[in-house]
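Here's a quick tour for anyone meeting this structure for the first time. Have a look at the sequence and the model, then read on.

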Amino acid sequence: MRSTLGVICATLAVAFASPVLGGDFDGSKRLICAPVQAMDCAIGDDCVRALPEDVGAPAFMRIDFEKKTVSGPQRTSPVLFMEKTEMQLLLQGTELGYAWTIALDQANGKMMVTLVDREGAFVMFGSCTPL
């Protein structure tokens, strides 16, 4: 009986917690994100794997959906465009001559970031969590 009650409680906890967790990455909460892997791609060359700090990325960046900003320790960049679909949030802006895009998976907080200019692109992968 005790194990059956435990299974029922666990099932209810998962059923009611899942929508709350899913809401963490829907644009309703501020996030802190950490890039963990980077690629440096230049025209005519193969992309090179790197650490985010090797390409000048901050260790952490904050996304504030209410203020429409992405900020690191040195700069704050306005989000110029945001699109929300059922599965992801897309954010776009410009900074220091680069166009950037952040694609955020609403289910798990995983992010992909691109920064591009006329000479090449940086691609970064990371994760976000609510502040």
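What follows covers a pocket and then a pair of aromatic rings.

Keep in mind that this is a predicted model.

Let's begin with the pocket. The largest one holds about 620 Å³ of space, and 22 residues line it. Which of them lie nearest its centre? They are Gly56, Ala57, Pro58, Glu95 and Leu115. As for the strands, β4 (69-71), β5 (76-78), β8 (98-105), β9 (110-117) and β10 (120-130) each give two or more residues to this lining. The largest share comes from β8, with 3 residues. Sorted by class, the lining of the largest pocket has 14 nonpolar residues, alongside 6 polar and 2 charged ones.

Now for the rings. Searching the whole structure turns up 1 aromatic pair. Tyr98 and Phe122 make up this pair, with ring centres 6.0 Å apart. Why does the pair count as tilted? The planes of the two rings sit at 50°, and tilted covers angles that are neither under 30 degrees nor over 60. Tyr98 belongs to strand β8 and Phe122 to strand β10, so the pair ties together parts that lie 24 residues apart in sequence.

How open is each partner? The table puts the two side by side.

| Residue | Relative accessible area | Status |
|---|---|---|
| Tyr98 | 25% | partly exposed |
| Phe122 | 17% | buried |

The cut-off for buried is under 20%, so Phe122, at 17%, counts as buried, while Tyr98, at 25%, is partly exposed.

How values were computed. Residues are numbered from 1 along each chain as its sequence is written. This is a predicted model: local features need pLDDT of at least 70, side-chain atom pairs count only at pLDDT 80 or more; totals for chains, interfaces and linings use all residues. Side-chain values use heavy atoms; hydrogens and water are left out. On a 1 Å grid over the protein atoms alone, a cavity is a set of points where a 1.4 Å probe fits but cannot get out, and a pocket is an open set with protein on both sides within 12 Å along at least five of seven lines; lining residues have an atom within 4 Å of a point. Grid points are joined across faces, edges and corners, and a volume is the space filled by probe spheres set on the points. Helices (H or I, at least four residues) and strands (E, at least two) are DSSP runs, numbered from the N terminus. Ala, Val, Leu, Ile, Met, Phe, Trp, Tyr, Cys and Pro count as nonpolar, Asp, Glu, Lys and Arg as charged, and the others, Gly among them, as polar. Rings of Phe, Tyr and Trp (its six-membered ring) pair if their centres lie within 6.5 Å; planes under 30 degrees apart count as stacked, over 60 as edge-to-face and the rest as tilted. Buried means under 20% relative accessible area, exposed over 50%, partly exposed in between (1.4 Å probe, protein chains only).
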